[in-house]
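Reader: Could you take me through one part of this model up close? I'd like the open sheet and what packs around it, and then whatever else catches your eye along the chain.

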Amino acid sequence: MTFTLAIDTALAHCQAALIDEAGHVAAYAGGPAQGDAEAIVDHVAAVLAEAGASFDDVARVAVTVGPGSFTGVRVGVAYAKGVAFARQIPAVGVTTLEAMAHMAGGSVLAAIDARHGAVFALLSVEGPIKMKRMAVDEALELAKDVGAGVVGPADAVAALGEGEVIERIDLRAVAALAGGDPDGREPTPLYLAPVDARPQTHKVLARA
């Protein structure tokens, strides 16, 4: 039997799972990321051990590519590419918003907090329609126009004022999406806005 190795380091949980050909979870490991996305190495080792499998049994790597934690996304994508290169198997990227929409099903607006009164959002009505950074009011209006429900992590739901909280990406959704049409699913970090960080411009210590 071969597996899809599905990993997610983009949101609050760093997690890995082996998904079998029927879409069932053969093994799972994970925990709160808390800035330690590098734990994905240990989680992958744990799922392989639990399933009594090796990398030889992995036919595909599926990885979340964002939006989400800048560092987490880069760690996850780099790890997925490394495994894929070493084993000469495909690495497939899946966005966190697509995965949440897939989990919810039906007409849904999946959102992740983008700060400053905005969210990263994807509207899915019989397939993805729009994915971009937008103001909270615009996202709510978009959902209302088509009667879509709202889903996302707790901070996004709080920013929007409504919705169903999804704190952990279901890796079965990641594997399912990765197993479809591979076109446009390169394992490349997805940034829908510039990184929210700037060089320090004040309180610079004087040079001796």
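Author: Here is a walk through the sheet, its helices, and a few backbone oddities further on.

First, some housekeeping: this is a predicted model, where local features need a pLDDT of at least 70 and side-chain atom pairs count only at pLDDT 80 or more, while totals for chains, interfaces and linings use all residues. Residues are numbered from 1 along each chain as its sequence is written, and side-chain values use heavy atoms, with hydrogens and water left out.

On to confidence, where pLDDT is the predictor's own score for each residue, from 0 to 100. The protein chain averages 90, and 91% of its residues score at least 70. Strand β1 has the highest confidence, at a mean of 98, and strand β8 (residues 128-135) the lowest, at 85. Be wary of residues 202-208: the pLDDT there is below 50, and the stretch makes 0 contacts in the model beyond near neighbours in sequence. Contact here means heavy atoms within 4.5 Å. Helices (H or I, at least four residues) and strands (E, at least two) are DSSP runs, numbered from the N terminus.

Now the sheet. It is open, with 5 strands in the order β3-β2-β1-β4-β5 and mixed pairing. The edges are β3 (25-32) and β5 (91-94), each pairing on one side only, and the twist averages 15 degrees from one strand to the next. Two strands count as paired if DSSP finds at least two bridges between them. Strand β4 (residues 58-64) and β5 run parallel, joined by 4 bridges, and V63 sits opposite G93 of β5.

Lying across β1 (3-8), β2 (13-19), β3 and β4 is helix α1 (residues 40-51), at about 30 degrees to β2. Such angles run from 0 to 180 degrees between N-to-C directions, with axes fitted to C-alpha atoms, for helices over the stretch in contact.

Between β4 and α2 (70-87) there is a loop that holds P67. A cis peptide bond joins G66 to P67, with omega at about -5 degrees. For context, most peptide bonds are trans, and most residues other than glycine have a negative phi.

Helix α2 itself has 18 residues and reaches 26 Å from its first C-alpha to its last, close to the 26 Å expected at 1.5 Å a residue; that expected span is 1.5 Å times one less than the number of residues. Its buried residues include V73, V77, A80 and A84, and the buried residues of α2 pack against β1, α1, β4 and β5. Buried means under 20% relative accessible area, exposed over 50%, and partly exposed in between (1.4 Å probe, protein chains only). Just after α2, Q88 takes a positive phi of about 60 degrees.

Further along, two more residues have a positive phi. R115, in strand β6 (residues 108-115), has about 70 degrees although it is not a glycine, and R115 counts as exposed because its relative accessibility is 54%. H116 is in the loop between β6 and β7 (118-124), with a phi of about 55 degrees, and is not a glycine either; at 65% relative accessibility, H116 is exposed too.

Then there's V119, in strand β7, which counts as buried because its relative accessibility is 0%. Leaving aside residues up to four places away in sequence, V119 touches a list of residues including A111, D113, M134, V136 and L160. V119 and A135 are 16 residues apart in sequence but 6.3 Å apart in space, C-alpha to C-alpha.
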